[in-house]
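Hi,

Here is the structure I promised to pass on. Have a look at it first, and my notes follow underneath.

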Amino acid sequence: MSVVKPNIKKSKTIPSEFYYSRIKFEEIKETLFSKHWQFICDNKKLSNHGDSFPYDFIEGFVEEPLLLTNQNGIINSMSNVCTHRGNILVETPCNLKDEIVCRYHGRKFDTCGKFLFMPKYEGIENFPSENDNLKKNPCHIWKQFVFSSLNPKFPFSELINKMNERVSWMPIENFVFSKQRSRDYIVNANWALYCDNYLEGFHIPFVHKELVKNLNYTEYDIEIFKYSNLQLGIGQNNESIFNIPKGSKDFGKKIAAYYFWLFPNMMFNFYPWGLSINIVTPLGPEKTKIKFLSYIWDKTKLNVGAGANLDKVEQEDEKIVEQVQRGVKSRYYNQGQFSPTMEKGVHHFHLLLSKFI
Ligand code: FES
Ligand SMILES: [Fe+2]
């Protein structure tokens, strides 16, 4: 996709076929998603030694069966497939104590995936070997959040560093998950179109008539980093903004929201009430799931400012994105250009897509 040029003024968007082609959709499982980092869960699911959490790498998309375990306080991620005949080892989150035992023929592993024992295998050549252990996959914890990858193209630090520098003054480890305020949305559009829409504030005054009252739209800006970017939501009044400490580079600014995007499909939106994590999962060329996970810091601030009424904002975004999905399939549409001030984030995303695909 060489059409995406580093100079935003000379560049065009990715060709529209990317948003509806079944072939492209299948290709990016391997060429893109298997090579990058994914948010998995929070570490509260793995607080004690022996706790385990089975997961598909990307449920409904890249269905590699994996397993997180806590071994003496260290969290590991590994294959959840028995090295004997391929049975799934752990089906539901549970405490394994010290061993993973396969329920098919009794093979045992330690909680780090090392082979321990197999019944009726006396005299077998080259046994046990390295291949009898469960393969580990890269996994990192940031604050309370667990990320993993199958075969990452770049180190986790390159994904997370900029967000870490900017928001670490907040007590993110102590934010509390709210099931009641978390939900999944299904959108009849391509996952990248949903990201495109998130990555520009250009549409806010047109699509979000209520939200725009809480934001100082004229001060909209985006900062581009290597594999992430940050849109700053500047507040209109003092009730709905962060109380930013002196050490932060944002001290003195009226910030109502930090909208961080992590390549390729993760959004970390920080508000004075806490954090809304949005994970964009492709389910089909024209079907996407967006998982909204809410982590509360200060519940007294839930209903004020840019972080209030997120459900309404989401529905407005979905409506427009579904409409664009119909439009990009038109024989008369193929590519557009970018606004150099308002669409730097979309351009950044398309440049990364063209770099990695
Ligand atoms: S498949 Fe696990 S012991 Fe046979
Ligand atoms: Fe929007």
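**Cysteines**

The C112 sulfur has its closest cysteine sulfur in C139, 11 Å away, which is too far for a bond. C94 is in a similar spot: the nearest cysteine sulfur belongs to C102 and sits 13 Å off, again too far for a bond. In total the structure has 0 disulfides, a disulfide being a pair of cysteine sulfur atoms within 2.5 Å. C94 comes out as partly exposed because its relative accessibility is 32%. For that label, buried means under 20% relative accessible area, exposed means over 50%, and partly exposed is in between, using a 1.4 Å probe and protein chains only.

**Ground rules**

Keep in mind that this is a predicted model, where local features need pLDDT of at least 70, side-chain atom pairs count only at pLDDT 80 or more, and totals for chains, interfaces and linings use all residues. Residues are numbered from 1 along each chain as its sequence is written, chains are lettered from A and ligands numbered from 1 in the order written, and side-chain values use heavy atoms, with hydrogens and water left out.

**The iron site**

What holds the iron ion (ligand 2) on the protein side? The donors are H203 (NE2), H208 (NE2) and D317, the last listed with OD twice, at 2.0 to 2.7 Å from the ion. Donors here are N, O and S atoms within 2.8 Å of the metal (3.2 Å for Na, K and Ca), and since water is not among the atoms, sites may look incomplete. Along the chain the donors are spaced H-x4-H-x108-D. H208 is in the loop between α4 (204–207) and α5 (211–214), while D317 is in helix α6 (residues 310–328), so this pair ties together parts 109 residues apart in sequence. Helices (H or I, at least four residues) and strands (E, at least two) are DSSP runs numbered from the N terminus. H208 and D317 are both buried.

The geometry is irregular, with angles of 54 to 148° among the 4 donor atoms. Under the scheme used, four donors are tetrahedral if all angles lie between 85 and 135 degrees; four are square planar and six octahedral if opposite donors are over 155 degrees apart and all others between 65 and 115; anything else is irregular.

**Cores**

The largest nonpolar core has 94 residues, and F147, W191, Y258, F268 and F270 touch the most other members. Strand β14 (residues 255–262) supplies the largest share of this core, 8 residues. Apart from it lies another core of 12 residues, including L67, C102, M118 and L134. A nonpolar core is a set of buried Ala, Val, Leu, Ile, Met, Phe, Trp, Tyr and Cys residues joined through side-chain atoms within 4.5 Å.

If you want a way into the big one, try F270: leaving aside neighbours within four places in sequence, its contacts include W142, M163, F242, Y258 and L275. Contact means heavy atoms within 4.5 Å.

**Backbone oddities**

Two cis peptide bonds to check:

- F127 to P128, with omega near -10°; P128 lies in the loop between β8 (115–117) and β9 (139–142).
- F263 to P264, with omega about -5°; P264 lies in the loop between β14 and β15 (266–271).

There are also positive phi values in residues other than glycine. K120 has phi near 55°; K120 is in the loop between β8 and β9 and counts as exposed because its relative accessibility is 76%. N309 also has phi near 55°; N309 sits in the loop between β17 (287–296) and α6, and is exposed at 57% relative accessible area.

**Two loop residues**

N137 is in the loop between β8 and β9, yet is buried, with a relative accessible area of 10%. Not counting residues up to four places away in sequence, N137 touches Y55, L66, S77, M78, S148 and S149. A polar atom of the N137 side chain lies 3.2 Å from the backbone nitrogen of M78, and the side chain also reaches the backbone oxygen of S149 at 3.0 Å. Polar contacts are pairs of N or O atoms within 3.5 Å; within protein, one must be able to donate a hydrogen and the other to accept it, and residues adjacent in sequence count only if both atoms are side-chain atoms.

Q144 lies in the loop between β9 and β10 (145–148) and counts as buried, at 2% relative accessibility.

Cheers
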